[in-house]
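Reader: I am new to this structure and would like to understand how its descriptions are justified. Could you take me through them with care?

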Amino acid sequence: MNTTQPCHCQSNLPFIACCQPYIDGDKAAPTAEKLMRSRFSAYVLQNYDYILKTYAEKNRKDLFIEQLKQDSIDTEWLSLQVLHHSSKQKTAQVEFKAYYQIGQQLYLMHELSNFIFENDQWLYTTGTMLKGSGKYQQQRNDPCLCSSGKKFKKCCGK
């Protein structure tokens, strides 16, 4: 992988300096927001081992890698927008919008995610889908969701 490749989470940092150290297990994400960003990058990379490891223990017990793979079949994750992050001592919430595509249809996942600090690391517990989630209609002159810098009509909207 190119060391200057932008991170999938749209942090404006190179992947190697952003989500890669967390996904590779070199260090734990220091905040719930960084964990959420790294989970998005892991979905882009189809790294279901990391996704499973970043669930809180009580939420992880009924999940399996095969289930995570099955739930993501044909899903192409395109773009992430972190809207809000709040943290207390052992809990945090991150509101985000994640855009994805299945076939030719675009979708928006607008979620308020909950995290806990457990075993010296931030872990995902649950999420609540918010208004606007579901099918998404990209406007022709909007910037493309794939972060190419092009207008939608000149990029993924062809």
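Author: This is a predicted model, and the protein in it exposes about 9400 Å², of which carbon and sulfur atoms supply 47%.

Reader: What makes the protein as compact as a globular protein of that length?

Author: The protein has five helices and five strands, and along the sequence they follow the pattern α-α-α-α-α-β-β-β-β-β. Its radius of gyration is 16 Å, and because the globule rule gives 15 Å for 158 residues, a value close to it, the protein is described as being as compact as a globular protein of that length. The C-alpha atoms, taken along the principal axes, fill a box of roughly 45 × 35 × 30 Å, and 38% of the 158 residues count as buried.

Reader: Why is His8 called buried?

Author: The term buried requires a relative accessible area under 20%, and since His8 has a relative accessibility of 15%, it counts as buried. His8 is found in the segment before helix H1 (20–23), and, leaving aside residues up to four places away in sequence, His8 touches Phe15, Phe40, Ser41, Val44 and Leu45.

Reader: What makes helix H2 largely enclosed by the rest of the structure?

Author: Ten of the 14 residues of H2 are buried, and therefore the helix is described as largely enclosed by the rest of the structure. Among the buried residues of H2 are Phe40 and Ser41, both of which are also touched by His8, and the buried set further includes Ala32, Leu35, Met36, Arg37 and Tyr43.

Reader: How do you know that the reach of H2 is close to the one expected?

Author: Helix H2 (residues 32–45) reaches 20 Å from its first C-alpha to its last, and this is close to the 20 Å expected at 1.5 Å a residue. After H2 comes Gln46, whose phi is positive, near 60°.

Reader: Is Asn119 buried or exposed, and why is that word used?

Author: Exposed is the word for a relative accessible area over 50%, and because Asn119 has a relative accessible area of 57%, Asn119 is exposed. Asn119 lies in the loop between strand S3 (105–118) and strand S4 (121–129), and although Asn119 and Glu57 are 62 residues apart in sequence, their C-alpha atoms are 9.7 Å apart in space.

Reader: How many positive and negative side chains does the protein have, and where do the centres of the two sets lie?

Author: There are 20 positive and 15 negative side chains in the protein, and the centres of the two sets lie 10 Å apart.

Note on methods:
Residues are numbered from 1 along each chain as its sequence is written. This is a predicted model: local features need pLDDT of at least 70, side-chain atom pairs count only at pLDDT 80 or more; totals for chains, interfaces and linings use all residues. Side-chain values use heavy atoms; hydrogens and water are left out. Helices (H or I, at least four residues) and strands (E, at least two) are DSSP runs, numbered from the N terminus. The radius of gyration is taken over C-alpha atoms; the globule rule is 2.2 Å times the number of residues to the power 0.38. Buried means under 20% relative accessible area, exposed over 50%, partly exposed in between (1.4 Å probe, protein chains only). Accessible areas come from the Shrake-Rupley method with a 1.4 Å probe; for residues, only the protein chains shown count as cover. Lys and Arg count as positive and Asp and Glu as negative; His and the chain ends are not counted. The place of a charge is taken as NZ of Lys, CZ of Arg, CG of Asp or CD of Glu. Contact means heavy atoms within 4.5 Å. The expected span of a helix is 1.5 Å times one less than its number of residues.
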